[in-house]
Amino acid sequence: MRIAVLIFFVVFFFLIACKHEPYKQTATPDGNYPTEIAAIFTTRCATSGCHNAQSYANAGGLRLDAWEYLFNGGNNGAVAIPYDVGNSSLLFFLNTDSSFGPIAVPTMPLHQPALSQEEYMTVRDWIARGAPDKNGNIPFAANPDTRQKVYLTQQGCDLLGVIDAEKKVVMRYVPVGMSTAVEAPHCVRVDPAGRYAYIGFIDGQYIQKIDTRTDAVTGSLHVGNGSWNILHISADGTQMMASDWQGNGALVLINTVTMQEIRRFDPSNTFIFPHGITSNITFDTFFVTAQYGNVVYRFSPSGGAIKRISIDGNPPVFAPGTRDPHEIMMTPDYTKYFLTCEASNEIRVMDAYADTLIRTFDVGIKPQEIAMSRKQPYVFITCMEDVSPFPRSKGSVYVLNYKTMEIVKRLDGKFFQPHGITVDDQNGVVYIASRNATADGPAPHHPSACGGRNGWYTLFDLNTLTPLNEKRYEVSIEPYSADVRFK
């Protein structure tokens with residue numbers, strides 16, 4: 001009897017152990033690649049000293065001996081983006097002919113003859129078809145209704161990056177915009193249900209709607225000439241307010257279901273450089289920052305006077321260099337809101353009912369975007385031009401506790417002009433996007449198909465407030481605004 005019980009537990013724990021090693025169950029000599037791709041990767045790339053299981057850590061962290069590992073990416077993030085040859089950096093290192101796209105060095109395979117044109121085109125065409133495995137499975141295509149994602153605008157290339165929250169790498173790039181000119185996708189916001197994402201453009205005339213199941217543009221609204229900066233969505237996801245960041249700006253209320261304009265608020269000289277937007281929970285009272293000066297507008301779409309709230313107790317000013325409130329965000333209980341004041345390098349916390357100042361925090365240089373966690377009582381603020389202790393780095397992130405009203409920690413990392421930020425509460429990860437927009441920033445790891453300097457994102461653990469890893473996940477030009485699918 002004891003022997004039978006012992007055998008039972010040995011078999012039971014063996015099965016449990018195997019259950020957590022799916023690759024070991026399915027490992028094949030062809031690496032699960034289609035035959036023509038396996039002939040290249042398993043014999044030319046996943047070899048001793050290069051991208052196999054034993055050597056990949058010293059080969060840019062990229063493992064190629066199985067299809068499943070390719071889509072973990074390497075030390076610099078994703079290398080193969082399904083359906084997207086223009087942003088798959090793997091191709092740049094395999095390419096020796098500039099007529100086929102960007103070339104990066106060193107040419108791979110290292111210390112071997114370069115791929116023939118036929119071999120290169122085989123890999124290129126495979127990625128263009130979605131980079132399926134030998135059974136036709138497309139990477140990241142499973143569970144479209146529930147897959148957690150992070151969306152990141154690429155302001156310099158008219159792209160929306162889609163990051164898979166499990167592997168932490170870019171899984172898709174969505175082309176956005178309505179013309180051949182760069183329209184600069186500025187702000188991305190996902191509705192509370194995680195069903196749709198919306199994008200505003202600072203050099204475009206449209207606001208676009210993205211289906212988060214298919215990651216495709218599913219609707220557009222023509223809002224006219226303007227600098228469409230910030231979007232704010234109602235709790236039920238049926239309405240959205242957009243700001244036109246101009247000296248004589250406007251606010252537009254939108255029906256997100258029909259993608260039609262409900263009402264435009266643009267009385268002459270009322271909204272001066274309107275930027276950040278938040279609202280009460282019922283979406284009938286709005287708070288909008290006047291980008292330059294010391295004012296937050298408070299108004300109701302149903303009518304009544306537009307109130308100019310002085311955030312520092314001084315008479316209202318509409319000139320650069322005073323406080324310059326940039327972004328605004330309500331706390332989860334809607335009792336107060338946080339403001340980033342980029343001219344005075346402060347965070348100001350205001351009472352949402354009394355319109356009075358609660359607290360001021362001194363932070364780093366040029367505070368910009370705000371992200372809030374609901375799992376932890378933290379608010380995160382990117383300070384884009386702050387002095388960094390790391391070489392060739394610039395910027396910091398401040399963490400405040402919105403319940404105790406204390407500074408928790410300053411996050412320093414290998415940032416360069418950190419701007420967009422979002423929190424994935426489901427997985428306990430903070431995403432921080434570095435613009436890297438000026439020539440004094442770090443050189444990109446690889447070129448971009450649309451020219452310019454690539455940016456990147458880095459990851460911090462939400463619970464420990466320490467780097468999740470040492471990776472710099474390189475993306476396309478000017479990563480600017482970020483939002484998570486499921487809050």
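**View 1. How far to trust the chain.** Average pLDDT (the predictor's confidence in each residue, from 0 to 100) comes out at 92 for this chain, and 94% of the residues score at least 70. Residues 1-26 are the weak patch: their pLDDT is below 50, and in the model this stretch has 8 contacts beyond near neighbours in sequence. A contact here means heavy atoms within 4.5 Å. Where pLDDT is low, the predicted coordinates should not be read in detail. This is a predicted model, so local features need pLDDT of at least 70 and side-chain atom pairs count only at pLDDT 80 or more, while totals for chains, interfaces and linings use all residues. Numbering runs from 1 along each chain as its sequence is written, and side-chain values use heavy atoms, with hydrogens and water left out.

**View 2. The whole chain, before zooming in.** The chain holds 6 helices and 28 strands; these are DSSP runs numbered from the N terminus, with helices being H or I of at least four residues and strands E of at least two. The C-alpha trace spans about 75 × 70 × 45 Å along its principal axes. With 487 residues, a compact globule would have a radius of gyration near 23 Å, and the chain's 24 Å agrees with that. That radius is taken over C-alpha atoms, and the globule rule is 2.2 Å times the number of residues to the power 0.38. Of the contacts with a separation of 6 or more, 50% join residues 24 or more positions apart.

**View 3. Surface and charge.** About 20100 Å² of the chain is exposed, with carbon and sulfur atoms supplying 54% of it; the areas come from the Shrake-Rupley method with a 1.4 Å probe, and for residues only the protein chains shown count as cover. As for burial, 55% of the 487 residues count as buried, which is to say under 20% relative accessible area (exposed is over 50%, partly exposed in between; 1.4 Å probe, protein chains only). There are 41 positive and 47 negative side chains, and the centres of the two sets sit 4 Å apart. Lys and Arg count as positive, Asp and Glu as negative, with His and the chain ends not counted; each charge is placed at NZ of Lys, CZ of Arg, CG of Asp or CD of Glu.

**View 4. Helix α3 and its packing partners.** Helix α3 covers residues 35-45, and its buried residues are Ile37, Ala38, Ile40, Phe41, Arg44 and Cys45. They pack against α4 (67-70), α5 (89-94) and α6 (117-128). In the loop between α3 and α4 you'll find Thr47, which touches Thr42, Asn52 and Gln112, leaving aside residues up to four places away in sequence. The C-alpha atoms of Thr47 and Asp65 are 8.1 Å apart, with the two positions 18 residues apart along the chain counted as their separation.

**View 5. Cis prolines in the α5-α6 loop.** Pro106 is in the loop between α5 and α6, and the peptide bond leading to it from Val105 is cis, with omega near 5°. Pro109 belongs to the loop between α5 and α6 too; the Met108 to Pro109 bond is cis, with omega near 0°.

**View 6. Positive phi without glycine.** Asp158, in the loop between β1 (149-154) and β2 (159-164), has a positive phi of about 55° although it isn't a glycine. Asp158 is buried, at 8% relative accessible area. Lys168, in the loop between β2 and β3 (170-175), has a positive phi near 75°, again in a residue other than glycine. Lys168 is buried as well, at 15%.
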